[in-house]
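Dear colleague,

I am passing on a structure for you to look at, and below it you will find my notes on what came out of it.

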Amino acid sequence: KLEFDSVDITQVTISKSRKTSKGTMMLARNPVTIISATKI
């Protein structure tokens, strides 16, 4: 309906480390979604 030629969606999730008694734990943060498109 919107006549896009190509659509690309990329999602990136950043994790922050936290030291624990047994090693390192990775805590996920909010994901970032990047949407790009080319209109005809």
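Phe-4 is partly exposed, with a relative accessible area of 41%, where partly exposed covers the range between buried (under 20%) and exposed (over 50%), using a 1.4 Å probe and protein chains only. The model is a predicted one, in which local features need pLDDT of at least 70 and side-chain atom pairs count only at pLDDT 80 or more, while totals for chains, interfaces and linings use all residues. Residues are numbered from 1 along each chain as its sequence is written, and side-chain values use heavy atoms, with hydrogens and water left out.

Phe-4 lies in strand 1, a strand being a DSSP run of E with at least two residues, numbered from the N terminus. Together with Leu-2, Val-7, Ile-9 and Ile-35, Phe-4 forms a nonpolar patch on the surface with about 530 Å² of accessible area; such a patch joins nonpolar side chains (Val, Leu, Ile, Met, Phe, Trp, Tyr) within 5 Å, from residues with over 30% relative accessible area and no salt bridge, that is, no side-chain nitrogen of Lys or Arg within 4 Å of a carboxyl oxygen of Asp or Glu. Accessible areas come from the Shrake-Rupley method with a 1.4 Å probe. Strand 1 (residues 4-12) gives the most to this patch, with three residues.

Strand 2 (residues 15-20) and strand 3 (residues 23-28) pair in the antiparallel sense over six bridges, pairing requiring at least two DSSP bridges. These two strands form a hairpin with two residues between them, and Ser-17 stands opposite Met-26 in strand 3.

For the protein chain as a whole, there are four strands and zero helices, and buried residues make up 0% of its 40 residues.

Best wishes

Definitions and conventions
Patch = residues over 30% accessible without salt bridge, like charges linked within 9 Å, V, L, I, M, F, W, Y side chains within 5 Å.
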